[in-house]
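Trainee: I am new to this structure. Please take me through it, and tell me what stands behind each term.

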Protein chains: 2
Amino acid sequence: MVLLSKNTNNFKYINSKMKSPQVTIHDIAKILKISASTVSRALSDHPRISTDTKKKVKALAKKLGYQPNIVASNLRVGKTNTVGIVVPRINRNFFSNVIGGFEEVVSNAGYRMMITQTNETYNKEVENIKALINARVDGIIISLSAGTKAYNHFKLVQRNGIPLIFFDRATDKIESSKVVIDDLDGGYSAVNHLISQGCKKIAHFAGPEHLIIYSNRKKGYLNALKKRNIDIRDDYIVNDIITKDTGFDACRHLMGLKDKPDAIFAASDFSALGAMVYLKENGYKIPDDVALVGFANEPFTSLIEPGLTSVDQHSNEIGIEVAKLFLDEVKHTPASKICRDIIIKPDLIIRKSSRKKT
Amino acid sequence: MVLLSKNTNNFKYINSKMKSPQVTIHDIAKILKISASTVSRALSDHPRISTDTKKKVKALAKKLGYQPNIVASNLRVGKTNTVGIVVPRINRNFFSNVIGGFEEVVSNAGYRMMITQTNETYNKEVENIKALINARVDGIIISLSAGTKAYNHFKLVQRNGIPLIFFDRATDKIESSKVVIDDLDGGYSAVNHLISQGCKKIAHFAGPEHLIIYSNRKKGYLNALKKRNIDIRDDYIVNDIITKDTGFDACRHLMGLKDKPDAIFAASDFSALGAMVYLKENGYKIPDDVALVGFANEPFTSLIEPGLTSVDQHSNEIGIEVAKLFLDEVKHTPASKICRDIIIKPDLIIRKSSRKKT
DNA sequence: ACAACTTGTGCAATCGATTGAAATATTTTT
DNA sequence: AAAAATATTTCAATCGATTGCACAAGTTGT
């Protein structure tokens, strides 16, 4: 049984089974017969409060199980210590890894995360962004949805003075900090590796063109071919192939050509997997008949047989870098309009699916 | 250039590049020469406000890009429309799937999510719970960390009148709603299936005993053996084996026994995978020499060769059920102390690793 | 002994939206 | 045209913590 005296002439008996109203600094102040401001200052170790009252206040706060009402504090101070996160899907390995890395850093700095998903649609992205602005988050980090082709909602974010950081799927239509991986380099080294393994007819499963990450992977592919003086063949490039099913179909199409490719560089591990399934089902040898390289280094790539060579994106590290950038931006907000681009070098993880020589 | 008159005698010129202070209902009120309360009511379509003023207010609100300050609203109303989520790790497939399902339901009901991870430690769990209480979330949903063996922090949640729902990893030490899968049934049907395939010497990789989910899976294993009159052999049960590496080692140990098992039911897909790797490396045939069944139906189980038979937990559905339960509890809060247990039946997904007959 | 600090605490405004009750305006009724 | 009923709007308090400023008591210096 706890006894609270908020109105001195109106005691309330709180049964421990009832929802007890939260203890406030005013409750503590009343009991100790001091002012709420003193309680507030005592709790935050203000130098002008005597050690004696600090002790008393803290002791009572502990005894009553006082928990500061952050909402009230937020309103007054104008900060929420919360970061908004917008991703296409939470349960996608890459995104949850980035978020995991991000969380570890910002939570240690006292920030909490509010996570939303867009399901790859523009409408939900806009909706989420607005909700986060309303919630007065201290910053927003986002990876664009595939359906996003307009960017005005980000202007809204910036007009509200909220730091905005893109990661992975970014746009150059908005001036803001970004953390991306060097997809061009990733594509380049993947294809370069295939060439080194002796492949001469390398096909490519490209992703949706308007997402920079995919167009860069394709550029990397093209650059590598040029550099090594291999002709670029349009019929070896299949667009918008990033799922297992479309990868399967695209592979069948390629293997139906008169002049079959001897390697495929897929912009997605899943489409590479689809190709692998098709090839195995139809008696092609991997990597001897067709070598395969995917992109993203999904967990399954090391578990399937043969292991799928893939480009690792250091997703956890991306999260950490985004976090650092964010912490830096809120520190200087709103003074400097720093825009930094962090480009992370991916790593090619070579496995059996492309390793011809030992 | 936007012109705001907050103090009538102190105009502020806001350059569009500056961080513009957020528009409030007071700004709108001043401009329209009406009171802030009217603006507030107009915006929320209060019946006692004339259609005329509603129109004017809404028009101006739109023009000024007014965004309600939810923090202020939260403080006044005493709700935050936010759910706190505590999971061991965000980037674990199962959890991110549950969260994904959960999000879809609650976001449509106007709730946002605050997600925290414990990294399987008790301390971080307590810390996260306290932070969520401070943030005044409207509810907390949690899957226990492996390191949690004390439960007082949940009493704190309940004392604050915050609905609390456990999912997957729950405890019966706290009276509260839960959504779990029927692990016992899952274990039972996995082992029953192995017996039907002709296996007689079935080993088990169990998980940490103090997590109910694992002890139930083991019970299911034991029950199935009893029911089918197969002797239980202690040397076929290896405890605390849930990772790929420990699965590999445990499998080596089992295959070193004089009387080798002819099947393994692993409480985790990862330890089953470890076993599979060991068996393949050492020339054993799967499922003919040793049949394998895992648990969780991780994405990789369908991608590896042979496909790993596994128990699907309907993770997405768990999230949806938790969400429904949550929405129901906040609706009735704080009146009724409803405690419901939702038990979801898992599905055995049979693949090559255990299919002996065709 | 008196000015000049230092130390410790309280007062009251503030953040922005919400809401019960009171006040004013408008329409209807008699 | 006055009374009654209804429709709109405003007032003022509130949520709980924070903070500039004022004030009182105690110290130091000359």
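Mentor: Start at DNA strand C. The largest share of the surface near this strand, 4 residues, comes from α4(B). The model is predicted: local features need pLDDT of at least 70, side-chain atom pairs count only at pLDDT 80 or more, and totals for chains, interfaces and linings use all residues. Residues are numbered from 1 along each chain as its sequence is written, chains are lettered from A and ligands numbered from 1 in the order in which they are written, and side-chain values use heavy atoms, with hydrogens and water left out.

Trainee: What makes a residue "near" DNA strand C?

Mentor: One of its heavy atoms must lie within 4 Å of the strand. Around DNA strand C there are 26 residues, and T38(A), I25(B), R41(B), Y66(B) and R76(B) come nearest. Sugar and phosphate make up 49% of the strand's atoms that come within 4 Å of the protein.

Trainee: How do you know that R76(B) makes a polar contact with DNA strand C?

Mentor: A polar contact is a pair of N or O atoms within 3.5 Å; within protein, one must be able to donate a hydrogen and the other to accept it, and residues adjacent in sequence count only if both atoms are side-chain atoms. An N or O atom in the side chain of R76(B) is 2.3 Å from a base oxygen of the strand. That value is within the limit, so the pair counts. R41(B) also reaches a base oxygen with its side chain, at 2.7 Å. S35(A) uses a polar backbone atom, 2.9 Å from a phosphate oxygen.

Trainee: Which elements give two or more residues to this surface?

Mentor: In chain A they are α2 (36-43) and α4 (70-77); in chain B, α1 (25-32), α2 (36-43) and α4 (70-77). Such helices are DSSP runs (H or I, at least four residues), and strands are too (E, at least two), numbered from the N terminus.

Trainee: What comes nearest to DNA strand D?

Mentor: I25(A), R41(A), R76(A), T38(B) and R48(B), out of 26 residues around the strand. Here α4(A) gives the largest share of the surface, 4 residues. T38(B) places a polar side-chain atom 2.6 Å from a phosphate oxygen of DNA strand D. A polar backbone atom of A72(A) is 3.2 Å from a base nitrogen of this strand.

Trainee: Why is T116(A) called buried?

Mentor: Buried means under 20% relative accessible area, exposed over 50%, partly exposed in between (1.4 Å probe, protein chains only). T116(A) has 7% relative accessibility, so it counts as buried. T116(A) sits in strand β4 (residues 112-117) of chain A. Its side chain makes a polar contact with that of N128(A), at 3.4 Å.

Trainee: What is T116(A) in contact with, leaving aside neighbours within four places in sequence?

Mentor: Contact means heavy atoms within 4.5 Å. The partners of T116(A) are I85(A), V86(A), V87(A), N128(A), L132(A) and E103(B).

Trainee: How do you know that the buried residues of α7(A) are on the same side?

Mentor: The buried residues in this helix (residues 152-159) are H153(A), F154(A) and V157(A). They cover an arc of only 100° around the axis, so they share a side of α7(A). The arc is taken from the directions from the helix axis to the C-beta atoms. An α-helix has 3.6 residues a turn, so residues three or four places apart point the same way. The buried residues of α7(A) pack against α6 (122-134), β5 (139-142) and β6 (164-167) of chain A.
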